[in-house]
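Please read the two chains below with the following questions in mind. Each answer works from the model towards the value or name that was asked for.

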Amino acid sequence: MALSTASNFARPDDAFRAVVEAHRGLSDEQSADLDAALVLVLANHIGDLGVLNEAIALAKRRMLDAGQQQQQQQQ
Amino acid sequence: MAQTKTRFGYRRHPDQDRTAMSAAEHAVVVVGAGPVGLSLAIDLAQRGQSVVLLDDADRIGEGSRAICFSKRSLEFWDRLGVGQRMVDKGVVWGVGRVFHGEQQLYQFNLLPEEGHKRPAFINLQQFYAEAYLVDRVEELSAVDLRWRNKVTGLEARNDHVLLTIQTPDGPYRLGARFVIACDGAKSSLRQMVGAEFSGQAFEDQFLIADVKMTAAFPTERWFWFDPPFHPGRSALLHKQPDDIWRIDLQLSRFADPAVEKLPENVRPRIARMLGHDKFDFEWISLYKFQCCRMDNFIHGRVIFAGDAAHQVSPFGARGANSGLEDAENLAWKLDRVLRETSPESLLESYHIERSAAADENIRESTRSTDFMAPNSHQEARLRKAALSLARETEFGKRMVNAGRLSTPSIYHTPLSTADGDGDGWRGGPRPGASMPDAPIAASSDEPMFLTDAFAKGGTQFTLLAFGNGAAVKAPEGVAAIRIGGEGGFADPAGLAASRYDAEPGTAYLLRPDGYVAARFRHPTRPALDAALARAAGQN
């Protein structure tokens with residue numbers, strides 16, 4: 001199975017909102033704790049190491065892109 | 001320890017009277033009389049080889065070292081004639097519990113099924129294991145055990161290795177076709193051949209205390225994350241024979257070892273853990289560890305085994321047990337090479353199989369260590385998440401890593417013959433896996449185990465054949481175990497058949513170390529001969 005990057009929610013705004021609201025009122029530390037637990041719960045639900053590794057790679061690539069953009073802006 | 005002999009006299013050997021120019025020549029010299037060297041020497045001797053076994057000390061090491069010996073190790077020791085003695089003295093266990101704070105997160109059973117001769121583990125102080133192995137060595141005239149013989153020099157020659165050995169009577173020299181270095185983590189032979197020993201060193205410190213007390217705790221492995229008696233760190237409690245309990249406490253990276261190991265500082269910690277002060281210390285030490293292995297376990301005619309070849313963290317009982325698996329893997333191969341029934345290249349499979357096993361052990365024990373001692377805030381956060389999820393979810397329990405205990409590796413090896421395309425295996429041990437045990441009965445209804453029949457079959461390859469299928473005769477020099485059919489062993493509980501996914505005619509070719517070399521639904525003599533030649537390294 002490959003990582004699905006198609007839009008899977010009929011109402012993506014609801015999903016985004018659900019995550020945002022979960023973090024409302026939390027300190028950064030609490031938010032980080034919540035995210036850590038959420039990642040493990042969702043990773044287990046996916047239950048496919050290949051998909052998980054693809055997801056990690058995609059998330060990391062975003063970080064890399066952001067870093068490069070920042071560098072370019074500074075130049 | 002009253003009945004156990006632990007000091008041994010140095011005896012001068014006639015080899016020492018020879019001049020350097022006419023040094024005695026031996027086929028095999030094993031260096032290091034620890035569990036690995038002793039077991040290897042016994043195995044080789046039982047196969048008919050003469051072995052010189054050298055040790056630089058004159059005593060069995062004291063103190064707290066290996067305590068957990070696996071089912072696989074016990075099955076190996078059964079073949080060496082010492083398994084029962086180990087089990088009789090040892091503390092049998094298979095259940096572990098993991099706690100977080102005061103709450104039990106989960107428990108596990110490492111051998112949840114019946115029908116095995118040996119338990120998942122016994123706990124036994126290493127000095128008992130060594131003493132019993134030395135007793136066995138003394139019954140075997142083919143092993144020449146020389147105490148206070150320290151190897152100080154090693155020269156590789158074309159067809160042998162020349163060792164320089166220091167003794168209380170001065171040095172002498174000894175030639176060997178093969179030298180097996182079982183001289184431990186600080187192997188001096190490894191330094192002599194100039195081999196790299198690379199890996200990861202861990203900064204975390206752990207305190208081991210073996211305490212003597214009578215306690216009603218069950219004989220289980222108990223592991224705590226963040227217990228009330230040792231906040232923020234981990235702790236382990238495990239029973240050994242003679243009312244000795246192993247306690248392992250994680251300390252800070254920055255703790256001062258000299259201060260931490262003072263009994264007056266250790267005692268309050270353990271009193272908090274046990275809830276009382278009625279115990280005596282047998283041993284206290286602080287340790288750090290590293291996970292390393294040699295790039296190649298074979299350096300010409302010098303072959304490395306056990307801690308000399310690879311080191312792991314102690315979590316998972318993968319140190320001594322993997323060393324014993326090295327010994328059982330090497331012994332039969334070396335025997336065949338010395339008899340010239342296999343080419344020397346067979347030995348390369350020792351490195352292939354056992355270095356992969358070392359990598360697996362290092363990977364598993366590193367993961368456990370990282371879980372116990374997270375390397376960053378985020379790792380600590382993920383661990384906290386796993387521990388908290390473990391309270392209410394099954395998957396969380398399985399993510400919590402308090403040590404994954406040693407199981408035999410499955411070898412991906414050129415010695416294996418791949419399963420036939422149409423054979424349709426639904427279970428059973430794959431080629432490269434170790435043989436599962438099962439209860440069987442001889443025709444006299446005498447209950448026994450498959451591992452007994454394997455050990456009785458001797459020291460060569462074994463054909464394990466099931467049922468009434470077309471019988472294929474075992475090639476010459478191959479032992480045969482037949483389950484079912486006329487004259488075969490009975491399989492009263494049907495466990496042999498189910499554990500081997502047997503149908504009438506199913507046959508397994510087992511290597512002399514009890515690993516599956518090949519398996520067939522419908523064995524033919526040519527297919528068997530080809531698998532045998534492959535497993536013996538002949539092609």
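Q: Is Gln103(B) buried or exposed?
A: In this predicted model, Gln103(B) lies in strand β6 of chain B, which covers residues 103-109. A residue with 12 or fewer C-beta neighbours within 10 Å is classed as exposed. Because Gln103(B) has 8 C-beta neighbours inside 10 Å, the class that applies to Gln103(B) is exposed.

Q: What distance separates the C-alpha atoms of Gln103(B) and Arg391(B)?
A: Along the chain, Gln103(B) and Arg391(B) are 288 residues apart. In space, the separation between their C-alpha atoms is 8.6 Å.

Q: What distance lies between the centres of domain 3 of chain B and domain 4 of chain B?
A: Chain B is divided into four parts, with domain 1 made of the segments 14-91, 121-197 and 294-364, and domain 2 spanning 199-290. Domain 3 covers 371-399 and domain 4 covers 439-535. Taken over C-alpha atoms, the centres of domain 3 of chain B and domain 4 of chain B are separated by 45 Å.

Q: Which domains of chain B each give at least three residues to the largest nonpolar core?
A: The largest nonpolar core holds 119 residues, and those with the most contacts inside it are Leu40(B), Ala41(B), Ile180(B), Ile303(B), Ala305(B) and Leu509(B). At least three residues of this core come from each of two parts of chain B, namely domain 1 and domain 4.

Q: How many residues are in the other core, the one that includes Phe206(B) and Phe223(B)?
A: This other core lies apart from the largest one, and Leu387(B) and Ala402(B) are also among its members. Its residue count is 31.

Q: Which residues does Ile180(B) touch, not counting those up to four places away in sequence?
A: Ile180(B) is one of the residues with the most contacts inside the largest nonpolar core, and two others of that group, Leu40(B) and Ile303(B), are among the residues that Ile180(B) touches. With sequence neighbours up to four places away left out, the full list is Val28(B), Val30(B), Val31(B), Leu40(B), Ile303(B), Ala305(B) and Leu330(B).

Q: Which residues on the two faces of strand β26 of chain B are buried?
A: Side chains in a regular strand alternate between the two faces of the sheet. Strand β26, residues 507-510 of chain B, is covered on both faces. The buried residues are Ala507(B) and Leu509(B) on one side, and on the other Tyr508(B) and Leu510(B).

Q: Which residue in the turn between β26(B) and β27(B) has a positive phi?
A: β26(B) pairs in the antiparallel sense with β24(B) over four bridges, where Leu510(B) is the bridge partner of Thr462(B). β26(B) also pairs in the antiparallel sense with β27(B) over four bridges, where Tyr508(B) stands opposite Arg519(B). These last two strands form a hairpin with five residues between them, and the turn residue with a positive phi, about 80 degrees, is Gly514(B).

Q: Which strands stand at the edges of the open sheet β12-β18-β21 of chain B?
A: The three strands of this sheet are paired in the antiparallel sense, and between β12(B) and β18(B) there are four bridges, with Cys291(B) as the bridge partner of Gln200(B). Two of the strands each have a single partner, so one side of each is left without a neighbour in the sheet, and these edge strands are β12 and β21.

Q: Which elements of chain B do the buried residues of α4(B) pack against?
A: Helix α4 of chain B has 14 residues and reaches 20 Å from its first C-alpha to its last, close to the 20 Å expected. Its buried residues include Tyr128(B), Leu133(B), Val134(B) and Val137(B). The elements that the buried residues of α4(B) pack against are α1, β3, α3 and β8.

Q: How many residues does each chain bring to the contact between chain A and chain B?
A: Chain A has three helices and zero strands, and buried residues make up 1% of its 75 residues. The side of chain A that touches chain B has five nonpolar, one polar and one charged residues. The contact takes seven residues from chain A, and from chain B nine.

How values were computed. Residues are numbered from 1 along each chain as its sequence is written. Chains are lettered from A and ligands numbered from 1 in the order in which they are written. This is a predicted model: local features need pLDDT of at least 70, side-chain atom pairs count only at pLDDT 80 or more; totals for chains, interfaces and linings use all residues. Domain bounds come from an automatic or database domain assignment. Ala, Val, Leu, Ile, Met, Phe, Trp, Tyr, Cys and Pro count as nonpolar, Asp, Glu, Lys and Arg as charged, and the others, Gly among them, as polar. A nonpolar core is a set of buried Ala, Val, Leu, Ile, Met, Phe, Trp, Tyr and Cys residues joined through C-beta atoms within 7 Å. A residue is buried if 20 or more other C-beta atoms lie within 10 Å of its own, exposed if 12 or fewer, and partly exposed in between; C-beta atoms are placed from the backbone. Two strands pair if DSSP finds at least two bridges between them. The expected span of a helix is 1.5 Å times one less than its number of residues.
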